[in-house]
Amino acid sequence: MNPSPSLLPARPTSGVRGLSRTLSSDASKAARISATAALVSVAALLSLSFPAHAQLSPKTSAVVTTSHVRAELIAYAPDGVAPGAPVWVGLQIAHQPEWHTYWKNAGDSGLPTELALTLPPGITAGDIAWPVPEKIAVGTLANYGYEGTVVLPVPLTVAPDFKPATSLTGSPDIDIRLKASWLVCRQECIPEQGDFSLKLPVQGSTALDKAGFDAALAAQPVSLARPGTIEVQGKTLKVRLDGLPAAVQGKTLGFFPETGDVIHTAAIPGKDWTQAWDGAAWTATIPLADQRSARPTVMPVVVTLAVSDRQPGQPIAWRAEAPVSGIWPTSAPRAEVSPALQSALAANAAAVPAAAPNSATAGSFIAALFGAFIGGLLLNLMPCVFPVLAIKVLGFARQAGDKRGHRSAGVAYTAGVMLSFLALGGAMLMFRAAGEQMGWGFQLQSPVVVAVLAGLFTMIGLNLVGVFQFGILVPHSLCAAQVKHPVANDFLSGILAVVIASPCTAPFMGASLGFAIALPAAQALMLFAALGFGLALPYLAAGFIPAVARLLPKPGAWMETLRHVMAFPMFATVAWLVWVLGQQSGIDGAGALLGLLVCLSALAWSFTLRGRTRMLVSGLLVVCSAAVVVAIGGNIVRTVEPAVAASGARWQPWSAARVAELNAEGRPVFVDFTAAWCVTCQYNKKATLNNAAVLADFEARNVALLRADWTRQDPTITAALTALGRSGVPVYVLHVAGKAPVVMTEILSAEEVRAALAAL
Amino acid sequence: MAAAVALGATFLVGTTAFAAPSVGQQAPDFIAVDTRGQQHKLSDFAGKFVVLEWTNPGCPFVRKHYGSGNMAATQKSATSKGVVWLSISSTERAASDYLKPAALDSWMKEHGAAPSAVLMDEDGAIGQAYGARTTPHISIVDPTGMLVYAGAIDSIASSRPDDVETATNYVNQALGEAFGGKPISAATTRAYGNSVRYKA
């Protein structure tokens, strides 16, 4: 809102429909010229040619003229600028006929004039010494302000150690700058502003504008010795002021409260409000405003003599800061929401999916069971689960024709999957019951679990790619047992599938799991069983339905190739786990894990060697591995602070308080509950949350983006997830003040986010 | 159309200019004709929150909130929650900034405004009944017909569009609190702006 550096004459705003416009004033032009002059004078000093800059700097009169007012920065310093000497500056506003500007309490509408002074060090400005206003009726309303010409004086205080900047002319002056804004009104109102500057000589008298200041200072209210009293009585204020001079007693006074929005400003004396003299005390009964927003305990008030009663040289107004007693009318209680509305709102909140786990009904339980089942089914597609499934189905191709074998394999795998889900679910419920804040996927919050999984996946990958065969590693007897009991093998691979699937909270599963937490143990375990059944179903179906088995291609050399290919998703999973560990334990932890994986791989390979070499090499490798573990193994479990800033300034760290704070500011808040080990989260982050259109919508609606990182154990995040009816990540929530939070689906689409934002 | 507008606002509940309801009291019912000639009755909106917004395109404070998009955004945010938003022009016909219904309608449209209706109150009856002193002035009526908010659009009394960013939007705050089941913390605030151009 700075004036544009234009040298064109000031072009004020005019007319009712003129837009508010910053004025480019003569004053600011003058200021620029004097700035230029200062530069020139520096040059002058250097060249020692001509000493004075006064000739270059025109005398600034600091005037801004609009079609409604002529405003001028004036000063009054009869004894110069010195400590203790009276120094005043002021804005003189000469209004066009019918136009007015406002007092400190503007009344029913309008705004007080604002003055912002910039002064040299050592000089400070006081408050505006407002001259007494007039009451200006505008239709059925009233304002307090000034017509004609008014000076708004500001006293300046000169510090004892004030040293004026030396000047080449030998007569120092001080530079005073003023930024003023005022609202000038007739019936319509025009906001105007101007920049002013003035040079005030430090020595010598500045009394050119004495008359203006004299009038303004004569129009100052005189403080009364006693504060008087104000009592709230019903819808009126009973005002009593003592100590007014004898010459005033019996006269009708004007009443101006400095506190806005308390009295009925437009009340007409004699009709709506009354005043009387009780001996030397002035009393008045003044109606309160219908829409009173203030209930002050002290009210500064000003009473004034009518213009016809004013005597030159005598005070015209008096001011008191009256304490307020009595009780403000209680007709304006805080607005409460009606009970009917309250229940409707509660019903709305309950309609949010799974947000109200306590209202579990048979219908919603079956829905949750179904959700868990679908979720389990979709888990099969997770990148870490899919290879396991593919290899299992591969086994069918090898044993083509053995229908009975297929069935028992299917059942065993299913049992393995479901039992391990029940075990995990049971463990989670037990932790919960013991007061631990645990959520689904909690096991991956432990760096040790992540490291062990990375090792396991490395071994599976090496096995698939053919570095070693299990037969070589494990004793022959166990191998034989496996051949004798392929069922046990299937059972174990079921467990494996769950272990590797658990970090991935698949779609539909999140709500069901959250729901499960709040259910009685038996029902909760049924949900986990449903989840397991969903995960196992494809394999079970392949075992029981011969058509599925028949669809499988004939066994052949391709199977070996597929095995090798499937090793790579496993290695990819290892890469991902190393990254997860990096989030938890930093670069040193990830490096240590990689080192250990190398040792592990070498060990696995060494066991494929024969005879003495095998003993020697593997023995050496065991020693090396042990040394590596001792040296850097500790880094794996050493946690580091999350690199929050790295996620960019767009996303701020989440906290419940921050959400409330932003909502209070009226900003919608989008929260991304995420964890490094959650694949779905990473996918959504890259695909949807980085989508240009989504980001643009976030921007357009001023949505605050918060990220809650659950990579490591964080009870506050777990509690927030529970409150949302979830127990794992990802969860995406849009919080809008006054509305139930919108919880989105786990596989987030740009359309869904945009639709939710469009509904804001 | 002109005839319909001339009908103006008719009061069902007699109120005098000096008896505007305080927050917590029953909001006066009214019938008014909008800029398109449609008639609206406040009590027909029972069961919904109704925001009454006094407007006048000639007022720099109104222009601050429409020009910055703040008013349109506030209107959209409210109506998307099922709130009825009635913009009301209580500007008298003789006023220099009076706009005819069609002109007012197109001005609102130009500024992307999204009120449920723009009501003509040229005789000032509705404005006086609600004690609207300035443009903009906001009154909020709750689903039971009670006045729950009266005052300013936001917390910074100025005509500077820059202040919209930092001000607290009282309408969003009040509606947010009401929908969140909380009492409205700032139920009466000091309205600022130009005087409503009432018929003398």
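In this predicted model, A:Y144 is a buried residue, with a relative accessible area of 1%. A good place to begin is therefore the set of aromatic contacts to which A:Y144 belongs, one of 20 aromatic pairs found over all chains. The partner of A:Y144 is A:F256: the two ring centres are 5.0 Å apart and the planes meet at 75 degrees, so the arrangement is edge-to-face, the class for angles over 60 degrees. A:Y144 belongs to strand β8 (residues 141–146) of chain A, while A:F256 belongs to strand β15 (residues 253–257) of chain A, so the contact ties together parts that are 112 residues apart in sequence. A:F256 also counts as buried, at 5% relative accessibility.

The neighbour in sequence, A:F255, takes part in a ring pair as well. Its partner is A:W273, with ring centres 6.3 Å apart and planes at 55 degrees, so this pair is tilted. Here a residue of strand β15 of chain A, A:F255, is linked to A:W273 in the loop between β15 and β16 (274–278) of chain A, 18 residues away. Both partners are covered: A:F255 counts as buried at 6% relative accessibility, and A:W273 is buried with a relative accessible area of 8%.

Elsewhere in chain A, ring pairs join A:W651, A:F670, A:F698 and A:Y732 into a cluster. One member of this cluster, A:W651, also meets a charge: the charged end of A:R707 sits over the ring of A:W651, at 4.1 Å from the ring centre.

Attention now turns to the surface. A nonpolar patch is formed there by A:V411, A:F544 and A:I545, which together have about 250 Å² of accessible area. Within this patch, A:F544 lies in helix α12 (residues 521–544) of chain A. A:F544 is partly exposed, with a relative accessible area of 40%.

Charged contacts complete the picture, with 21 salt bridges over all chains. One of them pairs A:R70 with A:E72, the closest N and O atoms being 2.9 Å apart. The two residues differ in exposure: A:R70 is partly exposed at a relative accessible area of 36%, whereas A:E72 is buried at 14%.

Another salt bridge brings the side chains of A:D261 and B:R190 together, at 3.6 Å from N to O. A:D261 is found in the loop between β15 and β16 of chain A, and B:R190 in the loop between α7 (170–179) and β10 (194–195) of chain B, so this contact joins two chains. On the chain A side, A:D261 is buried, with a relative accessible area of 5%; on the chain B side, B:R190 counts as partly exposed at 27% relative accessibility.

Within chain B, the side chains of B:R197 and B:D97 meet in a salt bridge of 2.8 Å, N to O. B:R197 lies in the segment after β10 of chain B and B:D97 in the loop between β5 (84–89) and α4 (101–110) of chain B, so parts that are 100 residues apart in sequence are tied together. B:R197 counts as buried at 5% relative accessibility, and B:D97 is buried with a relative accessible area of 1%.

Finally, salt bridges can be followed from residue to residue in chain A, where A:K104, A:E258, A:R319 and A:E321 are linked in a network.

Note on methods. Residues are numbered from 1 along each chain as its sequence is written. Chains are lettered from A and ligands numbered from 1 in the order in which they are written. This is a predicted model: local features need pLDDT of at least 70, side-chain atom pairs count only at pLDDT 80 or more; totals for chains, interfaces and linings use all residues. Side-chain values use heavy atoms; hydrogens and water are left out. Rings of Phe, Tyr and Trp (its six-membered ring) pair if their centres lie within 6.5 Å; planes under 30 degrees apart count as stacked, over 60 as edge-to-face and the rest as tilted. Helices (H or I, at least four residues) and strands (E, at least two) are DSSP runs, numbered from the N terminus. Buried means under 20% relative accessible area, exposed over 50%, partly exposed in between (1.4 Å probe, protein chains only). A charge sits over a ring if NZ of Lys or CZ of Arg is within 6 Å of the ring centre and within 35 degrees of the ring normal. Patches are made of residues with over 30% relative accessible area and no salt bridge: like charges are joined within 9 Å, nonpolar side chains (Val, Leu, Ile, Met, Phe, Trp, Tyr) within 5 Å. Accessible areas come from the Shrake-Rupley method with a 1.4 Å probe; for residues, only the protein chains shown count as cover. A salt bridge is a side-chain nitrogen of Lys or Arg within 4 Å of a carboxyl oxygen of Asp or Glu.
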